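With the model open in a viewer, please follow this short tour of its aromatic side chains, selecting the residues as they are named.

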Amino acid sequence: MKVRLYFDGGNLGRLALAMFFSSLLCFWIRFPVWVLLGFGALYFFIKSLKIELHEKFAWLWTLLMIAGSSIFSAYQVQYLLLDEELRAKISDEKMFQNILCCMVVYIVVQIFTNNTGLTCIISHISLMSLSGINYFVYLFRGNEFIFSDLKSISTGLSVAGNYEFVLDVRAGYVILLSILYVALIRKLHVTFGKRIWMSAVCISLAVFCCVYIGQKTENYVTETWEQKGSYRNGYILNFMLSIRDTFVGEPDGYSDEAVAALEARYSDTKDNGEAEKEKPTIIVVMSESYADLSVVGDYSTNMEVAPFYDSLEENTLKGYALSSVFGAKTPNSEWEFMTGNSMAFLPGGSVVYQQYITDTPASMVSNLKNIGYTCVAMHPYYETGWSRNTVYPSMGFDETYFIDDFDKTEVLREYITDQELYENIISRFESKKRNEDLFIMSISMQNHGGYTEKYDNFKEEVRMLGVDYPDVNQYLSLVHESDKALEYLISYFEQVEEPVEIVFFGDHQPSLSSSFYPYLNRKGLSGLTLDELENLYTVPFFIWTNYESEAAEKKITSFNFLSTLALERAGIALPAYNQFLADMMEVVPAVNARGYYSETEGKFKHVEDASGKEAEWLKNYEILQYNNMFDERGKSELFFPYLK
């Protein structure tokens, strides 16, 4: 290798152009002037270099360039997307895997270019462009850009003009460093005469890296909430994981004939367009982090935590339901309830709203709209959270209400209260038109974690006896406030003459201090049996009516069955899929991402360990869910009709 400096008058023109561009960037972002001057000096120095690489060592130069560039790109991506504190959270092992992911990109591009310098430029620009897209997507919606978002890219582009594109100082530095990188790489010229051998080696290396990454990340989950993907997995690795999780394979035994056989069993399902009696207003409250911690273990408090909830008996179906999530990922609970589908058959850690929602997802919403209901969604938080602003219209909601539609002064801690949410529900009910059938799906925010900070606007009334866990005391006090608001809601609709059904359930248990769980269950969060683990995924629910209905208790169910129970309780003829779920409940009463409850053995089991009739029902359930979510050409119109 030979390196020397030379002067070329043309470099002054190139320097002037680069300085003009960087000056505009400096004016826009306002980074220090010394950065601008340093960039100019380095750029001119690089452009004045002449580097000759001996062709005999082409493989060595290629190895060094691709390896070094992969490291550079991986760290540039992390630097662009995260501040210093978050960058420090990623482990060395995962950072190494991000570098390997970048290297795969470089190697694949090399196969087609046969020019290492061109490979490096194309690959680095592509990787930085991907991270740049994520930079703006996170800026606009608060979630990371993953592979499945490519399906909605046209929608994103159509509304891009509504957002202000801004760059921070880190973004400016990344742009300048990338310009210097490209300028340096252009000085390095490496090509191969025997291209077929180069391609064979590159393909082998790419396959080896992919297999290694696949084995090492087998139990990793795609993170999509906020910036967790970038600081837990590293952004490039997280994006690759999202590609893996997007493609859900056909379950064993899946075929058009298998779906047709199930259709034949339910082809005489009563038309849900029939209406023999007045249809009730249906109000659903999915209460943020609402849980009964006594299902995990015993504890004592200075007062009853939820006295009103505990007192509900008349006209109430009540019990416990399995969630598929713990401490986070609320939309999966929402999705299981509305669609009747289960996270049991999807990759662990996935978020349906951001990975698997189609343009026409059949759900409780479409079923009720098809029999004349007006469908309303309420969530007193930001509309972009978990992409609800795009998911809700796809589901068919006629009206959506988010944080700007609520009184933002009615807060506990930092979140709008349950009381304010319920007042808005009542207001919408009172404004409904004569003979309007109304369905309201509401998701509260009041009890959202964390629970460690103290607030002047919240007096904590409940505390544990004998031990001191401040976060638990705050959480239980919040549940106590939820109970007061719930009493207000039920008391109002008790006085209403027209029929009303209220479905209430918590979305998941809260994430509390890790030291609290050993006190509660004597084990903590690890080393649990499946039965003990499922306790952490168990939350209370009830279905109440203001008209006469049978009082009953349900030992255990799951969110995917709740909408079927709600339709039955409301006296609405079940669509074919809900009839299938109703029949399945007789054999498999509860199923979630962790397992299912075996009625025959009286314990929880993993889905893959099912046998006999339980295995048959779970297999048919998976077949129908796959048909619903992923079989675009052969979707069953009997089980999954969308809007008429």
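**A tour of the aromatic rings**

Begin by selecting Tyr254, which counts as buried because its relative accessibility is 10%, under the 20% cut-off. Keep in mind throughout that this is a predicted model.

Now add Tyr626, which is likewise buried, with a relative accessible area of 12%. Tyr254 and Tyr626 form an edge-to-face aromatic pair, with 4.8 Å from centre to centre and 70° between the planes. Tyr254 lies in the loop between H11 and helix H12 (256-266), whereas Tyr626 belongs to helix H24 (residues 612-629), so the pair ties together parts that are 372 residues apart in sequence.

Next, move to helix H11 (residues 235-246) and select Tyr235 and Phe239, which both lie in this helix, four residues apart, or about one turn. Tyr235 is buried, at 0% relative accessibility, and Phe239 is buried as well, with a relative accessible area of 9%. The model holds 43 aromatic pairs in total. Tyr235 and Phe239 form one that is tilted, 6.2 Å centre to centre with 45° between the planes.

For a wider view, select Tyr266, Phe345, Tyr577, Phe580, Trp617, Tyr621, Phe639 and Phe640 together, since ring pairs link these residues into a cluster. Staying with Trp617, add Arg265, which lies over the face of this ring at 5.5 Å from the ring centre.

Finish at Tyr220, and show Lys94 with it: the charged end of Lys94 sits over the ring of Tyr220, 4.7 Å from its centre.

Methods
Residues are numbered from 1 along each chain as its sequence is written. This is a predicted model: local features need pLDDT of at least 70, side-chain atom pairs count only at pLDDT 80 or more; totals for chains, interfaces and linings use all residues. Side-chain values use heavy atoms; hydrogens and water are left out. Rings of Phe, Tyr and Trp (its six-membered ring) pair if their centres lie within 6.5 Å; planes under 30 degrees apart count as stacked, over 60 as edge-to-face and the rest as tilted. Helices (H or I, at least four residues) and strands (E, at least two) are DSSP runs, numbered from the N terminus. Buried means under 20% relative accessible area, exposed over 50%, partly exposed in between (1.4 Å probe, protein chains only). A charge sits over a ring if NZ of Lys or CZ of Arg is within 6 Å of the ring centre and within 35 degrees of the ring normal.
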